[in-house]
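User: I am new to reading protein models, and I would like a close look at one single part of this one. Please take me through it step by step, and tell me how far the model can be trusted.

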Amino acid sequence: MTARLIRLNLVMRMTRRIAAGCAALWLLGAAVPVSAAPLTAADEKNVGAVVQAQLDAFRKDDAVKAFSFAAPNVRQAVGTAKGFMTMVRRDYPVVYRPASVAFLNPEGKDGQAIQRVQMTDGNGVSWLAVYSLERQSNKAWRITGCVVAENKGRMASRTPSGFDVLPVSLAA
């Protein structure tokens, strides 16, 4: 019976990762069309700042502050700051406590943006967090969702034009 539960748990984790990867690909392809005009420099700065501020709030265990960066759709779905923090701790451990982060250049248009953030967890595993954000009526950017997928064989590297994603060897 124990072996069966272990196998079921493994299948569930693999299914969740595959679903997260598919969702990330959908976000990357569907949420921001290829022909999208780049965000203004101010928008790029503000989009990244919102994600960074939420990560800072997670680091400080400040549920109210972290929840304040969530868009109304997330706030309605989750309900409370405490529930939000519980969900992030449980379902997004690398977002809750990343060992390192590297922001890639955000993309977007028409009040929608995608911010990709490469994260490394405490075990040295690389992840890609894809945040979707929406400009609110008060002009503030708020996070509408986040998909995290293991980032096998890729890492962010700073270039003169910003961050590029470059393949790396997985050989030990």
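Analyst: Let us begin with Gln115, which has its place in strand β3, the run of residues 112–120. This is a predicted model, and what follows should be read with that in mind. The relative accessible area of Gln115 is 1%, and because anything under 20% counts as buried, Gln115 is a buried residue. Its surroundings can be listed: leaving aside residues up to four places away in sequence, Gln115 touches Val47, Gly48, Val51, Phe103, Leu104, Pro106, Ala129, Val130, Tyr131 and Leu133. One of these, Leu104, also takes part in a closer description, since the side chain of Gln115 reaches the backbone oxygen of Leu104 at 2.6 Å.

Strand β3 also holds Gln118, which has a relative accessibility of 10% and therefore counts as buried. The side chain of Gln118 is joined to the side chain of Asn151 by a polar contact of 3.2 Å.

As for trust, the chain has a mean pLDDT of 78, with 67% of its residues at 70 or more. Confidence is highest in helix α3 (residues 63–68), at a mean of 96, and lowest in strand β7 (residues 162–167), at 44. Over residues 158–172 the pLDDT is below 50, although this stretch has 27 contacts in the model beyond near neighbours in sequence. Residues 2–15 also stay under 50, and for them the model has 0 contacts beyond four places in sequence. Where pLDDT is low, the predicted coordinates should not be read in detail.

Note on methods. Residues are numbered from 1 along each chain as its sequence is written. This is a predicted model: local features need pLDDT of at least 70, side-chain atom pairs count only at pLDDT 80 or more; totals for chains, interfaces and linings use all residues. Side-chain values use heavy atoms; hydrogens and water are left out. pLDDT is the predictor's confidence in each residue, from 0 to 100. Helices (H or I, at least four residues) and strands (E, at least two) are DSSP runs, numbered from the N terminus. Contact means heavy atoms within 4.5 Å. Buried means under 20% relative accessible area, exposed over 50%, partly exposed in between (1.4 Å probe, protein chains only). A polar contact is a pair of N or O atoms within 3.5 Å; within protein, one must be able to donate a hydrogen and the other to accept it, and residues adjacent in sequence count only if both atoms are side-chain atoms.
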